[in-house]
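This report describes selected features of one protein structure for a reader who has not seen it before. Please look over the sequence and the structure before reading on.

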Amino acid sequence: MSLESKLAAATALLQTIADEHPDAVLANSYGAEDMVLTDLIARLNLPLQSFSLDTGRLPAETYELMQQVAERYPGHPVRVYFPDTAATEQYVSLHGVNGFYQSVEARKSCCAVRKLEPLKRALSGRAAWITGLRRQQSPTRQDLAEREFDADNGLLKFSPLLEWTEAEVWQYLRENEVPYNALHDRHYPSIGCAPCTRAISVGEDIRAGRWWWENPETKECGLHAKASPLKRPV
């Protein structure tokens, strides 16, 4: 399938989401894929809201992009959610400021505090959310569906770019002059918190720079983990 066809399909899906689930919200991590979706929603002038999770450990380049996006798309603001202060303080007290390097369990506990709890608040009361997930990104994302029921969060989940390749994402960004994170030009294809993200070498998997001290099978923060295979037709 050509990029033109995939773009048409993604556009049609976003329009359907807006028509059928007007309270749906885009989870914007300011990664390349989410910038494609941000631009599409703005171009289509869809009444879809967006949110982002500020973990308190993001790279400076991500904050710079957040400001660029606010200026580029003033009619489509991104609501920012922060971790609970008391829970963050408790985590640091128990594990140390960089305790996530100690074990997978400690790292997932950090993600739970800085990402999962704010995500629950961001999705509360909504019928659907939209993500920039792509099947090509990771072994943990091979069984995703373009539209499915997110049993963990209790709402529908849409991934309009699921079948897009990395090259197609970048073709769209460049052809439409969409702003993107400056770290991408420094060999950071996947960007999360600063302490948990590094540049990758030629030939490495695109997610190799995320939690690089762990096995590929554990490289999810829990935002997109699937505890249940339950799916509902949409």
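Which residues of α2 are buried? They are Ala 32, Glu 33, Asp 34, Met 35, Val 36, Leu 37, Thr 38, Asp 39, Leu 40, Ile 41 and Ala 42. The structure is a predicted model.

## Helix α2

Helix α2 runs over residues 32–44 and has 13 residues. From its first C-alpha to its last it reaches 19 Å, which is close to the 18 Å expected at 1.5 Å a residue. After α2 comes Asn 45, whose phi is positive, near 55°.

Because eleven of its 13 residues are buried, α2 is largely enclosed by the rest of the structure. Buried here stands for a relative accessible area under 20%. The buried residues of α2 pack against the helices α1 (3–20), α3 (60–72) and α6 (166–175), and also against the strands β1 (25–27) and β4 (128–130).

## Salt bridges between distant parts of the chain

How many salt bridges does a search of the whole structure find? The search finds eight salt bridges. Three of them are described in this report, beginning with two that join distant parts of the chain.

Glu 168 forms a salt bridge with Lys 6, and the closest N and O atoms are 2.9 Å apart. Glu 168 lies in helix α6 and Lys 6 in helix α1, so this pair ties together parts that are 162 residues apart in sequence. Glu 168 is buried, with a relative accessible area of 11%. Lys 6 also counts as buried, at 11% relative accessibility.

Arg 134 and Glu 33 meet through their side chains in a salt bridge, at 2.8 Å from N to O. This pair links distant parts of the chain: Glu 33 is in helix α2, while Arg 134 is in the loop between β4 and β5 (147–150), and the two are 101 residues apart. Arg 134 counts as buried, at 1% relative accessibility. Glu 33 is buried as well, with a relative accessible area of 11%.

## A salt bridge within helix α5

Glu 117 and Arg 121 form a salt bridge in which the closest N and O atoms are 2.9 Å apart. Both residues lie in helix α5, four residues apart, which is about one turn of the helix. An α-helix has 3.6 residues a turn, so residues three or four places apart point the same way. Side chains of opposite charge can pair when their charged atoms come close.

Are these two residues buried or partly exposed? Glu 117 is partly exposed, with a relative accessible area of 31%. Arg 121 is partly exposed too, with a relative accessible area of 35%.

## Two leucines of helix α5

Helix α5 covers residues 104–123 and includes Leu 116. Leu 116 has a relative accessible area of 24% and is partly exposed. Between Leu 116 and Leu 53 there are 9.3 Å in space, C-alpha to C-alpha, although the two are 63 residues apart in sequence.

Leu 123 is also found in helix α5. At 5% relative accessibility, Leu 123 counts as buried. Which residues does Leu 123 touch, not counting those up to four places away in sequence? Leu 123 touches Val 25, Phe 51, Trp 129, Asn 153 and Leu 155. Leu 123 and Thr 16 are 107 residues apart in sequence, and their C-alpha atoms are 19 Å apart in space.

Note on methods. Residues numbered from 1 in each chain as written. Predicted model: local features only at pLDDT ≥ 70, side-chain atom pairs only at ≥ 80, totals over all residues. Heavy atoms only, no water. Expected span 1.5 Å × (residues − 1). Buried < 20%, exposed > 50% of the residue type's maximum accessible area, 1.4 Å probe, protein only. Contact = heavy atoms within 4.5 Å. Salt bridge = Lys/Arg side-chain N within 4 Å of Asp/Glu carboxyl O.
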